[in-house]
Amino acid sequence: MTRLADLSVDALTALLAERGLSLDFGAARARIRSEIDGLAPALQRVYGEFAHDADGAFHDVTVRLHSRRGRRFGAPRIEMEADADVLFQPFPSDTHLPLLEWGINYLLAQRLNHRLLLHAGVVDLGGRAVVMPALPGTGKSTLTAALATSGARLLSDEFGVVDLDDAMLHPLVRPVSLKNASIEVMSAFAPSATFGPRFPGTRKGTVSYLAPDARSYRERHAAVAPGLVLFPRYEPGAKVLVQPLSKARAFAKLAVNSFNYEMLGPDGFDAVGKLLQASLVFRLTYGALDDAIEAIRDLMSRVVERE
Amino acid sequence: MEIRRRFRLRGTGGVKLYTFDDEVAAFNPVTWDTHLLDASAALVLEALSRGPADSMEIDRLLSGRPAASGSSAAPLTTALIDQLAAVGLIEAEPVDPPR
């Protein structure tokens with residue numbers, strides 16, 4: 001199948017305007033329609049390794065971006081529509097990609113209830129998952145991006161998709177969201193990686209996206225067994241610090257960091273329990289990405305030794 | 001004559017437990033709440049999963065020794081039973097009215 005990066009902008013623009021671009025993230029599919037100028041090249045940049053999934057019959061999410069109608073004065077605005085509902089207040093027309101990504105996040109968080117959804121970055125490091133649940137602003141996405149550009153396979157920077165039966169982690173491969181200072185940090189850390197355009201002045205500040213690599217996309221249907229659960233925290237200038245965390249405490253933190261734990265009831269409880277039984281659990285404080293990655297590799301070697 | 005009340009787990013589905021070292025995550029099948037408990041509480045829940053017990057039997061279980069006849073349960077045991085009942089994980093069995 002043709003990579004989006006290899007399509008012409010005109011062809012992708014036409015696809016978005018007519019039939020819609022169908023993307024397979026692994027654990028979910030989305031159909032995207034758009035009539036917004038500038039979205040096609042941005043998508044080509046951050047979803048470059050993805051192919052249009054022409055055979056995709058079912059989509060978890062179907063969205064359409066369009067100009068806000070009936071507006072005669074002021075800066076042009078765009079809206080996102082899903083199932084005939086308009087999501088969010090209108091965005092400035094030059095922030096099409098953040099609107100699309102946040103809208104898809106919002107919808108996936110509501111709809112993927114056949115699995116436990118953690119708010120977490122997840123990578124596959126040597127055949128075992130590193131699950132990094134964290135609140136916004138703790139450096140979760142930056143650390144996920146750093147791992148994904150250092151040989152780990154990206155599963156997601158936003159969703160830990162946990163199987164209810166066996167606690168395997170399912171990929172939901174999409175661009176990694178980077179904000180403000182982390183954009184420069186990652187650009188310096190991984191200069192050869194592919195980054196999307198920058199979107200200044202959004203409600204989250206300046207936003208950019210790291211494109212998933214070819215392997216992460218290719219293996220988007222390959223679930224991975226749990227290995228590490230890490231609660232990361234970035235502190236400027238801090239030396240790397242790894243602290244054990246009791247699994248009972250981690251249980252509470254995972255439940256709080258989940259989008260649908262309460263909705264799933266006993267199934268969610270079992271999924272968290274199985275995930276923690278199969279994992280080593282730590283707090284990780286770091287001030288430098290290289291140090292954090294070295295510490296995570298060391299922790300993962302303990303997981304392997306345990307088996 | 002003092003009537004010893006017997007306690008049982010709430011709900012027919014049973015309390016789900018995951019034990020991690022000396023702590024336990026417990027799922028209440030009635031309220032769908034999750035509780036973090038210590039090992040003593042887990043011991044009580046596991047015992048009640050095998051059938052109802054009164055406070056003296058629970059006391060014996062926790063202390064690991066036989067209770068003196070006619071004595072009452074230790075204050076810590078009573079407090080633990082009260083706490084587990086307060087969060088809805090266990091309940092007292094109904095007492096039959098005197099005939």
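In which sense do β7(A) and strand β14 (residues 225–234) of chain A pair, and over how many bridges? The legends below start there, and keep in mind that this is a predicted model.

**View 1. β7(A) next to β14(A).** The two strands run in the parallel sense and are linked over four bridges. To get your bearings, look for A129(A), whose bridge partner in β14(A) is P226(A).

**View 2. β7(A) on its β6(A) side.** Here the partner is strand β6 (residues 116–125) of chain A, and the pairing with β7(A) is antiparallel, over six bridges. V122(A) sits opposite V131(A) of β7(A). Follow the chain round the hairpin of β6(A) and β7(A) and you pass two residues between the strands. At G126(A) in this hairpin, phi is positive, near 65°.

**View 3. Both faces of β7(A).** Strand β7 (residues 128–133) of chain A has six of its six residues buried, so the rest of the structure largely encloses it. Pick either side and you'll find cover: R128(A), V130(A) and M132(A) are buried on one face, while A129(A), V131(A) and P133(A) are buried on the other.

**View 4. The largest nonpolar core.** This core holds 119 residues, and the ones touching the most other members are V123(A), V130(A), V131(A), L147(A) and L230(A). Both domains of chain A chip in, with at least three residues each from domain 1 (4–111) and domain 2 (116–306).

**View 5. Around V123(A).** Zoom in on V123(A) and skip its neighbours within four places in sequence: what is left in contact with V123(A) includes V130(A) and L147(A). The other contacts are T144(A), A148(A), A152(A), R153(A), L154(A) and L155(A).

**View 6. Where chain A meets chain B.** Twelve against twelve: 12 residues of chain A are in contact with 12 residues of chain B. On the chain A side, α7 (247–256) and α9 (266–277) each bring at least two residues. The top contributor on that side is α7(A), with five residues. By type, the chain A residues touching chain B split into seven nonpolar, three polar and two charged.

**View 7. Chain B by itself.** Chain B has three helices and six strands, and starting from the N terminus its elements read β-β-β-β-α-β-α-α-β. Of its 99 residues, 28% count as buried. Among the contacts in chain B with a separation of 6 or more, 50% come from residues 24 or more positions apart.

Notes: Residues are numbered from 1 along each chain as its sequence is written. Chains are lettered from A and ligands numbered from 1 in the order in which they are written. This is a predicted model: local features need pLDDT of at least 70, side-chain atom pairs count only at pLDDT 80 or more; totals for chains, interfaces and linings use all residues. A nonpolar core is a set of buried Ala, Val, Leu, Ile, Met, Phe, Trp, Tyr and Cys residues joined through C-beta atoms within 7 Å. A residue is buried if 20 or more other C-beta atoms lie within 10 Å of its own, exposed if 12 or fewer, and partly exposed in between; C-beta atoms are placed from the backbone. Domain bounds come from an automatic or database domain assignment. Two residues are in contact if their C-beta atoms, placed from the backbone, lie within 7 Å. Ala, Val, Leu, Ile, Met, Phe, Trp, Tyr, Cys and Pro count as nonpolar, Asp, Glu, Lys and Arg as charged, and the others, Gly among them, as polar. Two strands pair if DSSP finds at least two bridges between them.
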